[in-house]
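Reader: I should be grateful for a close look at the aromatic residues of this model. Please describe how their rings are arranged.

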Amino acid sequence: MAGGCFWCLDAVYRRIRGVTSVESGYTGSDWPNPTYESVCSGRTGHAEAVRVGFDESVVGADLILDLFFTGHDPTTLNRQGHDVGTQYRSALFPADAADEKLYRSAIRRNQENWPDPIVTTIEPLSTWYPAEDFHQDFYSNRPDVGYCHVIITPKLAKVRQRYSEWLVEPSESIGLS
């Protein structure tokens, strides 16, 4: 799932009961072996994204997708706040037809929460490249960084308003440290 800066979605999903893994990375292009610097340049065609694993006996795919549409603004094309470019696009990458159907349903369901049209794209699944270690669990590892206070904390507050019953401390999430 790509929803702008991967640090934001990473922070959201690490705090959700039933999430078993979160990995920030790059996808959405055939450019080989991207780096943070190359993706940020906008030349690669990749998006900053997260891969989320979850225990379906605890949390369902619908909630995982609803959190995606809460944790970023899916109505702005190729941008999230001051981050501008295709690398910050809102996109979903289905593995099969069932995923695509699930994603289209989530877009329709979540449109009622936004006054502007959702512009999230559904794109072909491409190679996943994990981001550098520095980017994994960025929010927890660098709580004093200004970006965390100004950008990520308000997104977490929005998630907390709608989904407080699903929140846990990151260390309490199954399989996350």
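Author: In this predicted model, ring pairs join F6, W7, Y26, Y36, F134, F138 and Y147 into a cluster. A search of the whole structure finds 7 aromatic pairs. One of them is formed by W7 and Y147, whose ring centres are 5.3 Å apart; their planes meet at 85°, and the pair is therefore edge-to-face, a term applied to angles over 60 degrees. This pair connects distant parts of the chain, since W7 belongs to helix α1 (residues 6-13) and Y147 to helix α6 (residues 146-163), 140 residues apart. The two partners may also be described by their accessibility. W7 has a relative accessible area of 10% and is therefore buried, the limit being under 20%. Y147, at 23% relative accessibility, counts as partly exposed.

The cluster member F134 also has a charged residue over its ring: R142 lies over the face of F134, at 4.0 Å from the ring centre. A further arrangement of this kind involves R17, which is placed over the face of W166 at 4.4 Å from the ring centre.

Another tryptophan, W31, enters the picture through S38. Apart from neighbours within four places in sequence, S38 is in contact with W31, R43 and T44. S38 is located in helix α2 (residues 36-40) and is buried, with a relative accessible area of 12%. A polar atom of the S38 side chain lies 2.9 Å from the backbone nitrogen of T35.

Methods:
Residues numbered from 1 in each chain as written. Predicted model: local features only at pLDDT ≥ 70, side-chain atom pairs only at ≥ 80, totals over all residues. Heavy atoms only, no water. Helix = DSSP H or I, 4+ residues; strand = E, 2+ residues; numbered from the N terminus. Buried < 20%, exposed > 50% of the residue type's maximum accessible area, 1.4 Å probe, protein only. Polar contact = N/O pair within 3.5 Å; in protein donor to acceptor, adjacent residues only side chain to side chain. Contact = heavy atoms within 4.5 Å. Phe/Tyr/Trp six-rings, centres within 6.5 Å; stacked < 30°, edge-to-face > 60°. Lys NZ or Arg CZ within 6 Å of the ring centre and 35° of its normal.
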